[in-house]
Amino acid sequence: MAISVEKDFVAKMFSLEGKVAIVTGATGALGGAIAAGYGFSGAKVVLSARGKDKLEAYTAELKAAGVECTCFAADPANEEDVKALVKFTVDTYGELNILGAGHGFNAPKNILEQTTEEWEKIMDADCKSVYLLAKYCGEQMAAQGKGGKMVITSSARSKMGMAGYTGYCTAKGGVDLMVQSLACDLSTQHHINVNSINPTVFRSDLTEWMFDPESAVYQNFLKRLPIGRLGEPSDFVGLAVFLASSASDFLTGGNYDATGGYWAC
Ligand SMILES: NC(=O)c1ccc[n+]([C@@H]2O[C@H](COP(=O)([O-])OP(=O)(O)OC[C@H]3O[C@@H](n4cnc5c(N)ncnc54)[C@H](OP(=O)(O)O)[C@@H]3O)[C@@H](O)[C@H]2O)c1
């Protein structure tokens, strides 16, 4: 029987050598891990977040660790900022091949106490931002004619409600369906693969308190986590690199479970 898989393809299928990536939320726990993962896999990376000081400091750290990278402060929910981010990337590195969206925001509140403006802020930060990034990164990738990859951080909460989460669950549910629709718009004609990663609880500044093994929150989570622990940023990297690499060329429109089994039981 003839071998149907080329050795060279397998050897290089997770490499991002020669690729240019934008990573948003790059100063956060997951965005920071994505930026490091892409950089250590060979991509040139433009790190982005709104806050400039932390962004410059983390970019310098990655540079010192051997990653070819630079940064651009931008609000992903602001159309002019997103256009400028894409332009900066192309001006700096010549093209754009990968979008790793790792930004996000939540301010849980019961709908009866929440203002419409507060709800809109969550929708803009978590949903409109993804639309704008996909639109302008997609436009650039389509113009290049070489395909591309979009890896969008959604949430396990995209497919289930929660008290105080009418903003966050709705925005992330919107992101999952947007990813499916983006695949229909961008994959066939432009060979741009669009997928989401849907995490449960990963360690970050905001979730650190949930990692106390004595806490009721931790104990309750573990009852529904077959993997037996909460996530670390390094647990996120494999899926983020895989979905940006040629190893996942057949995958598009998927919402990928990074839940430690939370969706399974
Ligand atoms: N960690 C978890 O347990 C978990 C679970 C499920 C889903 N997620 C999702 O994973 C993504 C990253 O989460 P994370 O835990 O890494 O968060 P994080 O550590 O709090 O970092 C958030 C990142 O997004 C940026 N950001 C914050 N508020 C923003 C806003 N209003 N608009 C745009 N950007 C904003 C931050 O930088 P600036 O403020 O400087 O812009 C930062 O770079 C988010 O989409 C989150 O919803 C996380």
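Here are a few friendly notes on the predicted model above, going from the strands to the helices and then to the ligand.

1. A good place to start is strand S4, residues 98-101. Its two faces are both covered: Ile98 and Gly100 are buried on one side, and Leu99 and Ala101 are buried on the other. In a regular strand, side chains alternate between the two faces of the sheet.

2. S4 has a parallel partner in strand S1 (residues 20-24), joined to S4 by four bridges. Here Ile22 has Leu99 as its bridge partner. S4 also pairs with S5 in the parallel sense, again over four bridges, and there Leu99 stands opposite Met150. If you want one residue to click on while tracing these pairings, try Leu99, which is bridged to Ile22 and faces Met150 in S5.

3. How do S4 and S5 connect? Together with helix H5 (residues 116-144), they make a right-handed β-α-β unit. A right-handed unit is also made by S5, helix H6 (residues 168-190) and S6.

4. Next comes strand S6, residues 192-199, where eight of the eight residues are buried. On one side sit Ile192, Val194, Ser196 and Asn198, and on the other Asn193, Asn195, Ile197 and Pro199. You may like to note that the buried set includes Ser196 and Asn198 as well as Ile192 and Val194.

5. Which strands pair with S6? Strand S5 (residues 148-153) does so in the parallel sense over six bridges, and strand S7 (residues 255-258) does so, also parallel, over four bridges. Ser196 is a handy marker for both pairings: Ile152 stands opposite Ser196, and in S7 the bridge partner of Ser196 is Asn255.

6. Helix H6 deserves a look of its own. Its 23 residues reach 30 Å from the first C-alpha to the last, close to the 33 Å expected. There is a bend of about 30° at Ala183. Among the buried residues of H6 are Ala171, Lys172, Val175, Met178, Val179, Leu182 and Leu186. An α-helix has 3.6 residues a turn, so residues three or four places apart point the same way. Tyr168 and Cys169 are buried too.

7. Finally, the ligand. What surrounds it? The shell has 26 residues, and the closest are Gly25, Gly28, Arg50, Gly51 and Gly104. By class, the shell divides into 12 nonpolar, 12 polar and two charged residues. Helix H2 (residues 29-40) gives the most to this shell, with three residues.

How values were computed: Residues are numbered from 1 along each chain as its sequence is written. This is a predicted model: local features need pLDDT of at least 70, side-chain atom pairs count only at pLDDT 80 or more; totals for chains, interfaces and linings use all residues. A residue is near a molecule or strand if its C-beta atom, placed from the backbone, lies within 6 Å of it. Ala, Val, Leu, Ile, Met, Phe, Trp, Tyr, Cys and Pro count as nonpolar, Asp, Glu, Lys and Arg as charged, and the others, Gly among them, as polar. A residue is buried if 20 or more other C-beta atoms lie within 10 Å of its own, exposed if 12 or fewer, and partly exposed in between; C-beta atoms are placed from the backbone. Two strands pair if DSSP finds at least two bridges between them. A crossover is right-handed if, with the strands pointing away from the viewer, the path from the first strand over the helix to the second runs clockwise. The expected span of a helix is 1.5 Å times one less than its number of residues. The bend at a residue is the angle between axes fitted to the seven residues ending there and the seven starting there.
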